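Biologist: Please zoom in on one enclosed spot in this model and walk me through what surrounds it. I'm new to this, so explain the terms as you go.

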Amino acid sequence: LAIAFEHDRFTVALADLGGAVVREVTEAGDVDRDPEGALQAAAQAARRLLAPRGAPAIEALAAVAALPGPIDARRGRIGSFSILRGWSDANPTALLQAMLGVPTVIDNDANLAAYAEATHGAGAGHDDLLYVKASTGVGAGLILGGRIYRGAAGMAGEIGHVTIDPAGKICRCGSKGCVETVAGSGGIISARSEERRGGKECRSRW
C-alpha cells in the first residue's frame, strides 16, 4: 500500500511487488488539522482497495505513507510542529500501522519522491540527487551517497520555508515571505488574482 497525503487530500494506491499500480483512489480530507481523521479515512480507503465489491480480496504485505512535512525518522513523528501544526501530538507511524495491521513506514513526500527517482526514475544509477517538489508547498528530497539525507529532525529539504521576503505574506509555518508563499500553488494563485484585479499582466516575480 502507498499513501500520499497532501494538505487537503490524500491518494491511496495498491501496487504489486514489481511496482505496478493495481488500484488507486484520491479523496478530499483535512489533513493539516485532523491527523487522526485523515489517517482513518486513508485506512478505510485502503481496505476498500484491498477488498472491492465484485473482485477478489488482496492481502497487503506492507505500507508506506508520504506526508508534506519534516519527519523525524527515528521516532516516526513530525519533525517540526510549525509546519503541520495539527500533528504536534500525533504518532502517525504507530497510528497508521495499527489501523492497517501491516508493517508501516512514514517519511516526507519529497524524500520518498527523490528515492523513487534514484531507484526507478531519472536519477537511476546516480549516487547523489536533488529532487524539488512544487505543489501546495515547496520541498526538496536529497539523496547523498545513495541514501536519503534528512538533516536535523528531518528539516534538510524544507526549502519552502526559507525566507526570501521579510516583508512578505505570512506563511503557514508562521514566518513571513517564505519561498512557499511565492512559489507554492496558493502563492501563485494569489499573485495572479491580485494582478488581475489591478489590471496588470501576469509576470513572474523571479
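Modeller: Let's start with the vocabulary: helices (H or I, at least four residues) and strands (E, at least two) are DSSP runs, numbered from the N terminus. This is a predicted model, so to speak of a local feature we ask for pLDDT of at least 70, and side-chain atom pairs count at pLDDT 80 or more, while totals for chains, interfaces and linings use all residues. Residues are numbered from 1 along each chain as its sequence is written, and side-chain values use heavy atoms, with hydrogens and water left out.

Now to the hollow spots. On a 1 Å grid over the protein atoms alone, a cavity is a set of points where a 1.4 Å probe fits but cannot get out; a pocket is an open set with protein on both sides within 12 Å along at least five of seven lines, and lining residues have an atom within 4 Å of a point. By this rule, there is 1 cavity of 30 Å³ or more. The largest cavity has a volume of about 150 Å³ (the space filled by probe spheres set on the points, which are joined across faces, edges and corners). Its lining takes in 17 residues, and P68, D109, G137, V138 and G139 lie nearest its centre. Sorted by type, the lining of the largest cavity holds 3 nonpolar, 8 polar and 6 charged residues (Ala, Val, Leu, Ile, Met, Phe, Trp, Tyr, Cys and Pro count as nonpolar, Asp, Glu, Lys and Arg as charged, and the others, Gly among them, as polar).

Take D109, which sits in helix 3. D109 has a relative accessible area of 14%, so it counts as buried (buried means under 20%, exposed over 50%, partly exposed in between, with a 1.4 Å probe and protein chains only). Leaving out residues up to four places away in sequence, D109 touches A66, L67, P68 and K133 (contact means heavy atoms within 4.5 Å).

Strand 9, residues 138-144, gives the most to the lining of the largest cavity, with 3 residues. Follow strand 9 outward and you meet an open sheet of 3 strands, in the order 8-9-10, with antiparallel pairing (two strands pair if DSSP finds at least two bridges between them). Strand 8 (129-134) and strand 10 (147-149) stand at the edges with a single partner strand each, so one side of each has no neighbour in the sheet. On average, neighbouring strands of this sheet are turned by 30° against each other, direction ignored (axes are lines fitted to C-alpha atoms, for helices over the stretch in contact, and angles run from 0 to 180 degrees between N-to-C directions). Helix 3 packs on this sheet, touching strand 8, strand 9 and strand 10, and its direction makes about 45° with that of strand 9. As for strand 9 and strand 10, they pair over 3 bridges, and I143 stands opposite I148 in strand 10.

Back to A66 and L67, two of the contacts of D109. L67 stands opposite N108 in strand 7, and strand 7 (residues 104-108) runs parallel to strand 4, joined to it by 5 bridges. Strand 4 is mostly covered, with 4 of its 5 residues buried. A66, in strand 4, is the bridge partner of A4, and strand 1 pairs with strand 4 in the parallel sense over 3 bridges. Strand 1 also forms a hairpin with strand 2, with 3 residues between them; those two run antiparallel and share 4 bridges.

Helix 3 turns up again in the open space. The largest pocket has about 1,200 Å³ of space. It is lined by 35 residues, with L1, A2, A15, G19 and V64 closest to its centre. Helix 3 gives the most to that lining, with 8 residues, and among the other elements supplying at least two residues are strand 1 (2-5) and strand 4 (63-67). The lining of the largest pocket divides into 24 nonpolar, 5 polar and 6 charged residues.
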